[in-house]
Amino acid sequence: MTGFGDITLLDLDTIDLSNLNRQFLFRKKDVKQSKALVAAHTASAFNPHVRINPIHANIKDPQFDMSWFRTFDIVLNALDNLDARRHVNKMCMAAGVPLVESGTAGYLGQVQPILKDRTECFDCVTKQTPKTFPVCTIRSTPSQPIHCIVWAKSYLLSQLFGEDEDASGEAELNEALQQGENAQEIATLRKEAQAFRRVRTALRSPNDNEEAAKLAFEKVFHSDILNLLSMADMWKMRAPPVSLSFEGIKNGSFVLRGKPANATMPNGPVAAVNGQNGHDASTSSTGAGLKDQKALTLQDNLELFISSTNRLAARLQADEETISFDKDDDDTLDFVTAASNLRSAAYNIDGKTRWEVKEMAGNIIPAIATTNAIVSGLIVLQALQLLRKAYGTMKTVMIQYKPTNPLSSATLPPPNASCAVCRDTFTEVLCDPSKTTLGDVVQGILGEDEREVSVFEEKRILADPDWDENFERTLESLNVTRGKFLNIVDEDGELETISIGIGILPSNHPGDLPPFVLPRPLPQPPKRVKVKLPTTPLPSPAKATKRPAPDDGDIVEQQPAKRLKTSTNGNGSDLSSPRKSRQLEEDGLIVLDGSEDGQDDAEVIIVD
Ligand SMILES: Nc1ncnc2c1ncn2[C@@H]1O[C@H](COP(=O)(O)OP(=O)(O)OP(=O)(O)O)[C@@H](O)[C@H]1O
Ligand SMILES: [Zn+2]
């Protein structure tokens, strides 16, 4: 309606019931349809002269390469995770296309115009990383409901219903024993693994109603707690947990800290999740009549534990191989609600309603239609400024929780001289990666320039001044394909990095020419600006000038990222068990490598 005549609309998702309350493009009948297609269809009626091209895909797919991004005058982001935001930011920097970045979180919102070489890019400023909990807090000494929720969602659920880590776990223990680690500790770990194996087997074989659920319960809420209690040192400074009794809770004879099993668990306010404030406790009281918002008793939680375990077990037996947490999957949500509440009971922590667990485990920040509408308007206003090249009046605009002054704005700082994204000199090579070698590209781009360089793809190092064997290999064999970038890094740190986007050859490329097209003129990276480190720490710009962009739970590295020579293996992963770390990442957890003293408890997990 503003006059944009040609719009491409891209989203990977389908419409959920929970999306309906926050915008005006989807109706109930559209649930399960592609967001992009339905939005395009609805919006096309607003103005028949606008061409809207919907695409149902992931923006990270290889076909959305530099050339594709270059076809746009401007890009407007409305993403919910850092990973996709950072990707689009980089592509816009590479293609030299203006970007309007935006986000909302409840009543708060933010819009930031970005233009390469003129303003900060999305990655110029360090983003607040997700909240972290030490592993031991989650595994042995929880003190808040969120600790128990994380345990149920990311540990217990995957131990019972996730990928089988048995073989690798067993090998790790054998290896540790050979390396002379404490034999008694290894025996305990082995016993623990065996107990999980028994439960996993029971869950996968048809059996009597409660058998598997009871086995799981006895292990985690009874035996494991007794084990922990036997380590007297642990409980000198903190209150010990109480082991729970399956039969006792069931028949009502179990009394926990003076309270019978059919009394509701104390239910405190929702803890802050992800650095955002959860809604306050009023939701629980106003909605006390609703099933989801009812405070649960120990008995309710046991019943829910049994029924959700049975439902999940039935799904395994009906050939679902693994099950992981999804806030919209009732079976997993019920399991996490029940398991976290039972654990909270054992540790004398407040219980949570199913509704609250959904919010905390699913990292849900309520989306509000009016905030989204205001932000949409601000996006369009800033987009117009960018397109008019009215650089002096462009602003980062924030919606703040201040009724007398709901909008605030900030002028746009110039790029961060040490940003690892927007300070690069971008160029593009069109090629057939199955026929083009790394040497063709790197030597072609450097031309007469004979300085010493290293070559990276993301964090993978592919060549350095003393190691050029990969120059003979094709890009395809090195997994450097369409949409990816090769970085040529100056060994002496004198010149900025050249970042080469890999694109495909035009269909009419003559077969008798080399299978690649180099850019003309060749890129000339400028001298790197030496950044003087301040002697006293400055306040974090993220805190001083803007709120962190709301994030739906992706885990990313700290920014601005430095390129390090890390690994030379094919997938760039330097975590010891890629499969395990992938699983944890999917659950919203990541195990940081290199725990200094080698103890499990010293590792840190980041919780989204
Ligand atoms: N890599 C990506 N490619 C394309 N679209 C993406 C990508 N990552 C996220 N999105 C889209 O960004 C949109 C963000 O919108 P929104 O914040 O309303 O999230 P949502 O997932 O619909 O909501 P909720 O998290 O509350 O269920 C979603 O529609 C999501 O599909
Ligand atoms: Zn930048």
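These legends accompany several close-up views of a predicted model.

**View 1. The largest nonpolar core and its helices.** Welcome to the part of the model where 49 residues make up the largest nonpolar core. Within this core, I149 and V336 touch the most other members. At least two residues apiece come from α5 (145-161), α7 (183-204), α8 (211-229), α9 (246-251), α11 (298-317), α12 (330-346) and α13 (354-361). Which helix gives the most? That is α5, with 11 residues. As general background, nonpolar side chains in soluble globular proteins tend to be buried together.

**View 2. V336 and its contacts, with a second core elsewhere.** Leaving aside residues up to four places away in sequence, V336 touches I149, A152, K153, L157, F325, V357 and A361. If you select these residues in your viewer, you will find I149 among them, the residue that shares with V336 the most contacts to other members of the largest core. Apart from the largest core lies another one, made of 32 residues that include V100, C124, L378 and I379.

**View 3. A mixed open sheet with two helices packed against it.** Here 5 strands form an open sheet, and their order is β3-β4-β5-β9-β10. The pairing in this sheet is mixed. Which strands stand at the edges? They are β3 (75-76) and β10 (407-410); each has a single partner strand, so one side of each is left without a neighbour in the sheet. Further in, β5 (residues 108-114) pairs with β9 (residues 396-399) in the antiparallel sense over 3 bridges, and Q110 has M398 of β9 as its bridge partner. Helix α14 (residues 369-387) packs on the sheet, where α14 touches β3, β4, β5 and β9. The direction of α14 makes about 15° with that of β5. Helix α3 (residues 82-95) lies across β3, β4 (99-105) and β5, and runs at about 165° to β4.

**View 4. Strand β11 between its partners β15 and β16.** Take a look at β11 (residues 425-431), a strand that is mostly covered, with 6 of its 7 residues buried. Strands β11 and β15 (residues 498-504) run parallel and are joined by 7 bridges. One of the residues to pick out is T425, whose bridge partner in β15 is I498. With β16, β11 pairs in the antiparallel sense over 2 bridges. There, C431 has F516 as its bridge partner.

**View 5. The buried face of helix α15.** In α15 (residues 438-446), the buried residues are L438, V441 and V442. Why do they line one face of the helix? Seen down the axis of α15, the buried residues fall within an arc of 90°, so they line one face. The spacing fits a general rule: an α-helix has 3.6 residues a turn, so residues three or four places apart point the same way. What covers the buried residues of α15 includes β11, β12, β13, β14 (485-490), β15 and β16. After α15 comes G447, with a positive phi near 55°.

**View 6. Backbone details: a cis peptide bond and two positive phi values.** Some context helps here: most residues other than glycine have a negative phi, and most peptide bonds are trans. The peptide bond from R520 to P521 is cis, with omega near -10°, and P521 sits in the loop between β16 (516-517) and α16 (541-545). N348, in the loop between α12 and α13, has a positive phi near 60°. Because N348 has 14 C-beta neighbours inside 10 Å, it counts as partly exposed. E458 has a positive phi too, near 50°, and is found in the loop between β12 (453-457) and β13 (460-463). With 14 other C-beta atoms within 10 Å, E458 is partly exposed.

**View 7. The loop residue A295 and what surrounds it.** A295 belongs to the loop between α10 (282-286) and α11. Is A295 buried or partly exposed? There are 18 other C-beta atoms within 10 Å, so A295 is partly exposed. Not counting residues up to four places away in sequence, A295 touches T264, M265, N267, G351 and T353. For a sense of distance, A295 and V135 are 160 residues apart in sequence and 28 Å apart in space, C-alpha to C-alpha.

Methods:
Residues numbered from 1 in each chain as written. Chains lettered and ligands numbered in written order. Predicted model: local features only at pLDDT ≥ 70, side-chain atom pairs only at ≥ 80, totals over all residues. Core = buried A, V, L, I, M, F, W, Y, C linked by C-beta atoms within 7 Å. Buried ≥ 20, exposed ≤ 12 C-beta atoms within 10 Å, placed from the backbone. Helix = DSSP H or I, 4+ residues; strand = E, 2+ residues; numbered from the N terminus. Contact = placed C-beta atoms within 7 Å. Pairing = 2+ DSSP bridges. Axes fitted to C-alpha atoms, helices over the stretch in contact; angles between N-to-C directions. Arc of directions from axis to C-beta.
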